[in-house]
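Trainee: Could you take me through a close look at one part of this model, a pair of packed helices and what lies around them? I'd enjoy one connected account.

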Amino acid sequence: MNAVLHLAAVSRIHGEGATEVHALRSVTFRAHPGELVAVMGPSGSGKSTLLTLAGGLDVPTSGSVWIEGTDLASLDNAGRARIRRTSVGYVFQDFNLIPALTAAENVALPRELDGEKGRVARRLALTALEEVGIADLADRFPDEMSGGQQQRVAIARAIVGDRRLILADEPTGALDTDTGEEILRLLRARCDAGAAGVMVTHEARHAAWADRVVFLRDGVIVDETGADEPEGLLAGEVGR
Ligand SMILES: Nc1ncnc2c1ncn2[C@@H]1O[C@H](COP(=O)(O)OP(=O)(O)OP(=O)(O)O)[C@@H](O)[C@H]1O
Ligand SMILES: [Mg+2]
């Protein structure tokens with residue numbers, strides 16, 4: 001099966017000389033359709049770096065990043081921006097909604113930026129909001145919603161228009177336990193529907209929703225569990 005995301009020997013060095021930081025060291029990683037992968041590791045181990053490179057928000061020092069068969073290095077800035085809007089959905093820890101826009105407008109924005117007519121973009125936005133269970137809040141502004149509702153809007157924005165790669169950096173970090181579980185359930189459902197998901201998390205309980213867990217330490221993948229391990233870390237855990 002073709003990977004939706006393929007990082008091939010990707011390294012990212014910040015700074016130069018004495019202040020050089022090797023945030024990622026020759027990491028090779030794939031995420032396939034239908035698969036949710038959890039990324040775990042200590043603070044500073046390179047988790048967010050992996051996600052920003054995977055989403056084309058940053059460029060590797062060496063190695064290559066492929067999304068749905070396209071090498072991001074073969075694209076100019078406009079091409080990368082386009083693939084980010086059409087193929088990649090990004091969910092941040094702190095929601096990152098635009099306060100002056102309603103829920104529906106926040107979700108419709110990536111489609112409108114991509115040239116979709118306002119009416120069509122709104123219809124797609126309402127469908128995505130329905131998928132995450134808050135179609136009735138479409139015309140509310142972010143400050144009129146709870147944290148969990150705001151994160152649902154952020155997830156709707158990440159999946160609108162059927163994007164195939166969902167990247168989430170501690171998407172439950174700012175939420176209470178029950179609300180966090182709801183958000184994971186939505187990510188899981190989206191992957192079950194065919195998207196590839198990569199989620200950074202600190203909590204093993206949340207990683208239990210994933211098919212596979214990748215552990216990073218000092219910019220290197222030190223362990224991988226799930227998929228072909230019958231008695232893996234995830235066997236027997238709650239949440240599936
Ligand atoms: N723009 C930058 N300039 C310099 N160093 C950076 C930059 N971004 C990240 N780093 C460094 O790269 C390393 C990896 O950072 P990264 O943010 O990927 O870690 P993380 O695993 O997401 O950590 P956390 O769990 O705290 O979010 C760290 O040592 C960090 O200080
Ligand atoms: Mg981080």
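Mentor: Happy to! In this predicted model, helix α3 (residues 103–113) packs against helix α4 (residues 118–131) at an angle of about 120°, and their axes are 8 Å apart. Angles of 65 to 115 degrees count as roughly perpendicular and those over 145 as roughly antiparallel, so at about 120° α3 is oblique to α4. The crossing of these two helices is right-handed.

Now for the residues that make this contact. From α3 come Ala103, Ala104, Val107, Ala108, Arg111 and Glu112, while α4 brings Gly118, Ala121, Arg122, Leu124, Ala125, Leu126, Ala128 and Leu129. By character, the residues of the contact comprise 10 nonpolar, one polar and three charged.

Helix α3 also has a part in the largest pocket, where four of its residues belong to the lining, the most that any element gives. The volume of this pocket is about 400 Å³. There are 18 lining residues, and Arg84, Arg85, Val88, Tyr90 and Arg163 are the closest to the pocket's centre. At least two residues of the lining come from each of α2 (77–87), β6 (88–91), α3 and α5 (147–159). Sorted by character, the lining of the largest pocket has 10 nonpolar, four polar and four charged residues.

To put the two views of α3 together: this helix crosses α4 in a right-handed way, and α3 also supplies four residues to the lining of the largest pocket.

Technical notes. Residues are numbered from 1 along each chain as its sequence is written. Chains are lettered from A and ligands numbered from 1 in the order in which they are written. This is a predicted model: local features need pLDDT of at least 70, side-chain atom pairs count only at pLDDT 80 or more; totals for chains, interfaces and linings use all residues. Side-chain values use heavy atoms; hydrogens and water are left out. Axes are lines fitted to C-alpha atoms, for helices over the stretch in contact, and angles run from 0 to 180 degrees between N-to-C directions. Angles under 35 degrees count as roughly parallel, over 145 as roughly antiparallel, 65 to 115 as roughly perpendicular and the rest as oblique. A crossing is left-handed if the near helix is turned anticlockwise from the far one by less than a right angle, and right-handed if clockwise. Contact means heavy atoms within 4.5 Å. Ala, Val, Leu, Ile, Met, Phe, Trp, Tyr, Cys and Pro count as nonpolar, Asp, Glu, Lys and Arg as charged, and the others, Gly among them, as polar. On a 1 Å grid over the protein atoms alone, a cavity is a set of points where a 1.4 Å probe fits but cannot get out, and a pocket is an open set with protein on both sides within 12 Å along at least five of seven lines; lining residues have an atom within 4 Å of a point. Grid points are joined across faces, edges and corners, and a volume is the space filled by probe spheres set on the points.
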